[in-house]
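Let's take a friendly walk through a protein chain and the ligand it holds. Keep the structure open beside you as you read.

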Amino acid sequence: AAAATAAAGGAARVTLVEVGRGVGGRAATRRTREDERIMVSHGAPVADFRTEAGKGAAAALLAAGAAREVSTPRRRLVVGADGRVALDGELAGGAAGEQLLVGDPTMNSLCEGLLKLGGGPVDMLFGNLVRDVAPIRAPDAGGVKGWLLRGKHGEDIAECDWLIVSGATLAHPRWTQVYGGAPPLVAAARGLGDASDPRLDVALEKIGKMQAKAVQVAMMVFTGEAAERWASVPFTIAEVRVLFSESDACSILDRLLASSAHTPTLKGSGRRRRGEDRRAAQGGAYRRGRPQHA
Ligand SMILES: Cc1cc2nc3c(=O)[nH]c(=O)nc-3n(C[C@H](O)[C@H](O)[C@H](O)COP(=O)(O)OP(=O)(O)OC[C@H]3O[C@@H](n4cnc5c(N)ncnc54)[C@H](O)[C@@H]3O)c2cc1C
């Protein structure tokens, strides 16, 4: 929707159709009904602006108070064969001249700010799963003049002239496993006949080849002393290299958390027994997050 508002420059009416409860998608800030103090930026923790156009958007987000600038020191961590965790030098930051922003107060604010940059109104249709994307034929030319989006019971959700799809869900074979039937964009492309567009076919083929892997994400909130230890590590983004084999049942997270609980600089905590590691890791945990799929 942000891309649509920017492209339209306020000259078109933009509608956001989203199955979730708010903007942000995988970059959204998650909350829990059980405790309103808990907010976790679930996906991309920072937004990285590099191009001139991007920097223009960054300036507008800062001016609107939707975001603030941050620096994100990056380090490489090595988990050695002996289980020791060591800092191993500084990682080169992103591209030269990159500008890093986080939403203020949450990543959702940044996403909402992006939607407002185009200047035009955006109709938000939350809680709508698009199950079918049907081309609307131009009466004479045989081409396509628009698109009709239908919901899970076949009901019409919205009709539009142009369709911008974000994420791969509507086009990826995983759709078939989750919802059954062909992915809606693949079905739409098949039905285009002589109005088909080779660029769409190429894009769908590439998306179809993307591998999807279920990932468990632990979201944790720390308070007090444990939070201070996490806050004192000299990086916000780490690339972790593991030198021991994956068949070693002890998890990397156990090791990192246990190391952090003992030495703020994450320098070699040494190998401890598994139970000890886990207790140390969870000692300061306020609440563990629910498993999520990426
Ligand atoms: C746990 C996690 C950690 C991550 N960490 C990082 C990181 O550190 N750095 C980084 O750069 N990136 C990270 N990412 C990835 C980043 O969040 C995503 O790449 C980015 O948000 C993708 O944006 P998008 O707009 O392309 O897709 P999405 O954010 O997936 O947006 C697609 C939207 O479409 C909606 N949707 C899908 N199908 C339908 C349908 N049929 N009907 C209606 N709505 C639908 C979805 O609900 C979603 O809101 C992470 C992602 C996850 C999940």
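Two residues are said to be in contact, or to touch, when heavy atoms of theirs lie within 4.5 Å. With that in hand, look at Leu-185: leaving out residues up to four places away in sequence, Leu-185 touches Val-133, Val-165, Leu-170, Ala-171 and Leu-204. Please remember as you explore that this is a predicted model.

## The chain as a whole

The chain has 294 residues, and buried residues make up 32% of them. Its secondary structure comes to nine helices and 15 strands. How much of the contact in the chain links residues 24 or more positions apart? Among contacts with a separation of 6 or more, such pairs account for 63%. The surface that the chain exposes is about 17800 Å², with carbon and sulfur atoms supplying 52% of it.

## Two nonpolar cores

In soluble globular proteins, nonpolar side chains tend to be buried together. Here the largest nonpolar core has 15 residues, and the members that touch the most other members are Val-130, Val-133, Leu-185 and Leu-204. At least two residues of this core come from each of β11 (144-150), β12 (156-160) and α5 (184-190). The largest share is that of α5, which supplies four residues. There is also a second, separate core of 13 residues, and Ala-47, Ala-57, Ala-67 and Leu-100 are among its members.

## Around the ligand

Now turn to the ligand. Which of the 20 residues around the ligand come nearest? They are Glu-18, Gly-25, Arg-26, Pro-45 and Val-130. Val-130 is a name you have met already, as one of the well-connected members of the largest nonpolar core, where it is among those touching the most other members. Sorted by class, the shell around the ligand holds ten nonpolar, eight polar and two charged residues.

Three polar contacts of the ligand are set out here.

| Ligand atom | Protein partner | Distance |
|---|---|---|
| oxygen | N or O atom in the side chain of Arg-26 | 2.7 Å |
| nitrogen | polar backbone atom of Val-19 | 3.1 Å |
| nitrogen | polar backbone atom of Gly-43 | 3.5 Å |

Taken alone, the ligand exposes 1000 Å², and the protein buries 64% of that.

## Asn-128 and its surroundings

Val-19 also leads us to Asn-128. Asn-128 sits in the loop between β9 (122-126) and β10 (132-137). Although Asn-128 and Val-19 are 109 residues apart in sequence, their C-alpha atoms are 4.3 Å apart in space. Setting aside neighbours within four places in sequence, Asn-128 is in contact with Val-17, Glu-18, Val-19 and Ile-157. A polar atom of the Asn-128 side chain also lies 3.1 Å from the backbone oxygen of Phe-126.

## From Ser-41 to helix α3

Ser-41 belongs to strand β3 (residues 35-41). Is Ser-41 buried, partly exposed or exposed? Its relative accessibility is 33%, so Ser-41 counts as partly exposed. Ser-41 and Thr-29 are twelve residues apart in sequence, yet 4.2 Å apart from C-alpha to C-alpha. Beyond residues up to four places away in sequence, Ser-41 touches Ala-28, Thr-29 and Met-107.

Thr-29 appears again in the contacts of Thr-106, which touches Thr-29 and Met-39 when residues up to four places away in sequence are not counted. Thr-106 lies in the loop between β8 (99-103) and α3 (107-117). With a relative accessible area of 9%, under the 20% cut-off, Thr-106 is buried.

The loop between β8 and α3 also holds Pro-105. Most residues other than glycine have a negative phi, and most peptide bonds are trans. The peptide bond from Asp-104 to Pro-105, however, is cis, with omega near 10 degrees. In α3 itself, the buried residues include Met-107, Leu-110 and Cys-111. Just after α3, Gly-119 takes a positive phi of about 90 degrees.

## One exposed loop residue

For a last stop, find Ser-71, placed in the loop between β5 (67-69) and β6 (74-79). Ser-71 has a relative accessibility of 60%, so Ser-71 counts as exposed. Its C-alpha atom and that of Gln-99, 28 residues apart along the chain, are separated by 8.5 Å.

Key. Residues are numbered from 1 along each chain as its sequence is written. This is a predicted model: local features need pLDDT of at least 70, side-chain atom pairs count only at pLDDT 80 or more; totals for chains, interfaces and linings use all residues. Side-chain values use heavy atoms; hydrogens and water are left out. A residue is near a molecule or strand if one of its heavy atoms lies within 4 Å of it. A polar contact is a pair of N or O atoms within 3.5 Å; within protein, one must be able to donate a hydrogen and the other to accept it, and residues adjacent in sequence count only if both atoms are side-chain atoms. Accessible areas come from the Shrake-Rupley method with a 1.4 Å probe; for residues, only the protein chains shown count as cover. Ala, Val, Leu, Ile, Met, Phe, Trp, Tyr, Cys and Pro count as nonpolar, Asp, Glu, Lys and Arg as charged, and the others, Gly among them, as polar. Buried means under 20% relative accessible area, exposed over 50%, partly exposed in between (1.4 Å probe, protein chains only). A nonpolar core is a set of buried Ala, Val, Leu, Ile, Met, Phe, Trp, Tyr and Cys residues joined through side-chain atoms within 4.5 Å.
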